[in-house]
Amino acid sequence: VNRGNSGGPLVNLDGDVVGVNSQIATSTGDYNGVSFALPSREAEYVYNQILKNGKVRRGYLGVLLDSVKAEYAAVYGLKSAAGAIITDIRDAKGPAATAGMQSGDVITEINGQPVQNAFDLISKVAATLPDLTITVGYLREVGAKMEQKTATIKLGERPVNRVADDTDDRRPLPVDGAKPEQK
């Protein structure tokens with residue numbers, strides 16, 4: 001893979017763009033260090049969303065997740081350590097809550113595709129447009145066993161992170177041990 005030192009696209013040996021540099025972490029200020037790149041499929045998705053909608057729209061469930069670990073799979077008798085556990089319902093009026101999902105549910109598939117872990121589920125939901133309906137296969141603890149269930153969920157739109165505005169009560173952090181100026 002050719003990275004180029006100008007922060008340009010990442011290309012493979014055939015000349016296909018496989019990623020776009022997004023950040024370079026460096027201590028020297030030049031183009032050396034650790035790079036982070038956005039995969040080209042993601043860059044294309046974002047580009048097309050901006051052209052079509054003027055912004056990027058991503059699907060949203062309204063939950064917090066964790067990946068199924070081997071210990072969890074062993075305790076609950078799961079075939080493998082795959083899936084995403086809902087650790088909290090983040091939005092009580094969100095899509096997952098409205099569909100009856102609960103903390104402790106283990107999402108194992110979305111639209112018939114297996115879910116490997118929390119990151120995989122987040123990626124699949126984010127790549128689905130808001131207002132589309134998905135089918136989710138999940139496990140719920142009932143008594144001493146896990147029961148397979150399904151839910152139909154109409155996705156919401158992922159909220160935009162709030163940006164701090166000038167009215168926030170912010171204070172500067174000290175630099176090199178100096179005391180910050182007071183407002």
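**Figure 1. Overview of the predicted chain, with 4 helices and 11 strands.** The model shown is predicted. The chain has 183 residues, and 28% of them count as buried. Its exposed area is about 12500 Å². Carbon and sulfur atoms supply 52% of that area. Take the contacts between residues at least 6 apart in sequence: 44% of these join residues at least 24 apart.

**Figure 2. A nonpolar patch on the surface, made by Val17, Val20 and Leu38.** The patch covers about 200 Å². One of its members, Val20, belongs to strand β2, which spans residues 17-25. Val20 has a relative accessibility of 34%, so this residue counts as partly exposed.

**Figure 3. The hairpin of β9 and β10, with 2 residues between the strands.** Strand β9 covers residues 133-142. Strand β10 covers residues 145-154. The two pair in the antiparallel sense, over 10 bridges. To find one match across the strands, start at Thr135: its bridge partner in β10 is Thr152. Then look at Gly143 in this hairpin, where phi is positive, near 65°.

**Figure 4. Asp105, in the loop between α3 and β7.** Helix α3 is formed by residues 95-98, and strand β7 by residues 106-110. The relative accessible area of Asp105 is 1%, and the residue is therefore buried. A polar atom of the Asp105 side chain lies 2.8 Å from the backbone nitrogen of Gln102. Contacts with Asp105 also come from beyond its neighbours within four places in sequence. Ala84, Ile85 and Ile86 are among these contacts. Tyr138, Leu139 and Arg140 are in contact with Asp105 as well.

**Figure 5. Ala82, in the loop between α2 and β6.** Helix α2 takes in residues 70-76, and strand β6 takes in residues 84-89. Ala82 and Lys69 are 13 residues apart along the chain. Their C-alpha atoms are separated by 7.5 Å. Beyond its neighbours within four places in sequence, Ala82 is in contact with Val68, Val115 and Gln116.

**Figure 6. The salt bridge of Glu42 and Arg58.** Side chains of opposite charge can pair when their charged atoms come close. The count for this model is 8 salt bridges. In the one shown here, the side chains of Glu42 and Arg58 meet at 2.6 Å, N to O. The pair links distant parts of the chain, 16 residues apart. Glu42 sits in helix α1, residues 40-53. Arg58 sits in the loop between α1 and β4, the strand of residues 59-60. Are the two partners buried or partly exposed? Glu42 counts as partly exposed because its relative accessibility is 26%. Arg58 has 18% relative accessibility, so Arg58 counts as buried.

**Figure 7. Two salt bridges to Glu157, from Lys55 and from Arg57.** The side chains of Lys55 and Glu157 meet at 3.4 Å, N to O. This pair links distant parts of the chain, 102 residues apart. Lys55 lies in the loop between α1 and β4, while Glu157 lies in strand β11, residues 156-157. Lys55 is partly exposed, at 42% relative accessibility. Glu157 is also partly exposed, with a relative accessible area of 30%. In the salt bridge of Arg57 with Glu157, the closest N and O atoms are 3.2 Å apart. Here too the pair links distant parts of the chain: Arg57 in the loop between α1 and β4, Glu157 in strand β11, 100 residues apart. Salt bridges with shared partners join Lys55, Arg57, Asp131 and Glu157 into one network.

**Figure 8. Helix α4, residues 118-126, and its buried residues.** At the start of α4, look for Asn117. A side-chain oxygen of Asn117 comes to within 3.2 Å of the backbone nitrogen of Phe119. Which residues of helix α4 are buried? They are Ala118, Asp120, Leu121, Lys124, Val125 and Ala126. What do the buried residues of α4 pack against? One partner is a helix, α1. The strands β4, β5, β6, β7 and β8 are partners too. Of these strands, β5 runs over residues 63-67 and β8 over residues 113-114.

Methods:
Residues numbered from 1 in each chain as written. Predicted model: local features only at pLDDT ≥ 70, side-chain atom pairs only at ≥ 80, totals over all residues. Heavy atoms only, no water. Buried < 20%, exposed > 50% of the residue type's maximum accessible area, 1.4 Å probe, protein only. Contact = heavy atoms within 4.5 Å. Areas by Shrake-Rupley, 256 points an atom, 1.4 Å probe, with all protein chains shown as cover. Patch = residues over 30% accessible without salt bridge, like charges linked within 9 Å, V, L, I, M, F, W, Y side chains within 5 Å. Salt bridge = Lys/Arg side-chain N within 4 Å of Asp/Glu carboxyl O. Pairing = 2+ DSSP bridges. Polar contact = N/O pair within 3.5 Å; in protein donor to acceptor, adjacent residues only side chain to side chain.
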